[in-house]
Amino acid sequence: MTQESGETTPRLRSALDGIPTYKPGKRAAAGDGPTAYKLSSNENPYPPLPGVMEQAAAAAAAFNRYPDMACGELIAELAEHFGVPAEHIATGTGSVGVAQQLIQSTAGPGDEVIYAWRSFEAYPIITQISGAKSVQVPLTDGEDHNLDAMASAITDRTRLIFVCNPNNPTGNAIHREDLVRFLDRVPSDVLVVLDEAYREFIRDEAVPDGLELYRDRPNVCVLRTFSKAYGLAGLRIGFAVAHERVAAALRKTAVPFGVSQIAQDAAVASLRSETALLERVEALVGERTRVREGLLAQGWTVPDSQANFVWLRLGDRTVDFAAACEAAGVVVRPFAGEGVRVSIGETEANDIFLRVAEEFRKEL
Ligand SMILES: Cc1ncc(COP(=O)(O)O)c(C=O)c1O
């Protein structure tokens, strides 16, 4: 391309034109004001567990060396933990990294990737980078995946379908019989990715574990992360469980040495500290119930979240609501014109949010 100065600049792929930028959850302000809590990124508010911290610190002492590229110890641990063959597991730099590898493995220019919308905001970005076309199927009025419409949107160009269960940012989850009926409609040469980033927070027994569904379906892949329940968001580690051909494709598309040894060792230690970690998840689920019930009592409509956040559809009041939260000391995640996603945080943070919601409700 030629600039006004007459200099030429590198030619970039036109697929990148107009790509939406990923908006990270805003950071909480530091300073003299009231304590600011970050409820904008669906993180785990608890600090790392002591045993996990020690393993990570020990690994940090050797960061002059490259990590184990095959993530061997972690994959062996995961295989045992979930009762799946080691060959079915592939790791990556967060589950978003693995999601990108899944697209790179299946779709390119001229292909189509289907997902519900609104859903996880990385889907349109990683799809567009690949050159494939996004086919966004609107959520139903009840904020659910419209699985019938998604199945009807499949064409002979469809290569991959994301099913976000529970859905980010609405929190509601798909029930077993609905998901099975959908999977039965998907042609066996189309990959279905069950994105279960929030799996550990599900308490509705009608929501299936994707690992049950992938076993006899070679076109189903389950995506999981250590970022949410396990509290390792800053270490960037996630994984997929998929049949051998898909898992092998993920190993081919992985960034070499992309998962640090610190992340690998912390993930192994986390799996071994599961009881303590899951107690924390239970406490967050308790807070989720308290927050949702508080909002319902105030008169809000709130989807039945099975994740570590709640969703308020505020339409054109979204930005005002987020500003009111921030002024009170909690940073939430607004999707302008649509709604606000609020992560479940420390009890005090949740209390502040509930107080803001109560005041705001009176104005509506
Ligand atoms: C549905 C969903 N999938 C995947 C991710 C990516 O998480 P990570 O890359 O930290 O594993 C997120 C994070 O917010 C998410 O909400």
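**Entry 1: where the ligand sits**

I began with the ligand and found it in the largest pocket. I keep in mind that this is a predicted model. Next I asked how many residues surround the ligand. I got 13 residues, and the closest are Ser95, Asn168, Tyr198, Thr225 and Ser227.

**Entry 2: what the shell is made of**

I sorted the shell around the ligand by residue type and wrote down 5 nonpolar, 5 polar and 3 charged residues. Which helix gives the largest share of this shell? I found that helix α3, residues 94-106, does so with 3 residues.

**Entry 3: polar atoms beside the ligand**

I then looked up distances to oxygen atoms of the ligand, and three residues went into my notes.

- For Ser95, I noted a backbone N or O atom 2.6 Å from an oxygen atom of the ligand.
- For Lys228, I noted a polar side-chain atom 2.9 Å from a ligand oxygen.
- For Arg236, I noted a side-chain N or O atom 2.7 Å from an oxygen atom of the ligand.

After that I checked how much of the ligand the protein covers. On its own the ligand has 400 Å² of accessible area, and the protein covers 94% of this.

Ser95 is worth a second look with the structure open: I met it among the closest residues to the ligand, and its contact with the ligand runs through a backbone atom. For Lys228 and Arg236, I had to look at the side chains instead.

**Entry 4: the annotated domain**

I turned to the record next. An unreviewed UniProt entry lists residues 38-352 as "domain: Aminotransferase class I/classII large". How far apart are the end C-alpha atoms of residues 38-352? I read 12 Å. The span is 41% helix and 17% strand.

**Entry 5: backbone oddities**

I went along the backbone and picked out two cis peptide bonds to look at.

The bond from Trp117 to Arg118 is cis, with omega near 10°. I traced Arg118 to the loop between β3 (112-117) and α4 (122-130).

Asn165 and Pro166 are also joined by a cis peptide bond, and here omega is about 0°. I placed Pro166 in the loop between β5 (158-164) and α6 (176-185).

My last stop was Cys71. What is the sign of its phi, positive or negative? I found a positive phi of about 50°, although Cys71 is not a glycine. I located Cys71 in the loop between α1 (50-60) and α2 (72-82).

Terms used:
Residues numbered from 1 in each chain as written. Predicted model: local features only at pLDDT ≥ 70, side-chain atom pairs only at ≥ 80, totals over all residues. Heavy atoms only, no water. UniProt positions renumbered as here; feature names shortened; annotations may be inferred. Helix = DSSP H or I, 4+ residues; strand = E, 2+ residues; numbered from the N terminus. Near = heavy atom within 4 Å. Polar contact = N/O pair within 3.5 Å; in protein donor to acceptor, adjacent residues only side chain to side chain. Areas by Shrake-Rupley, 256 points an atom, 1.4 Å probe, with all protein chains shown as cover. 1 Å grid on protein atoms, 1.4 Å probe; cavity = no way out; pocket = protein on both sides within 12 Å on 5 of 7 lines; lining within 4 Å. Sits in = over half its atoms within 2 Å of the grid points. Nonpolar A, V, L, I, M, F, W, Y, C, P; charged D, E, K, R; others polar.
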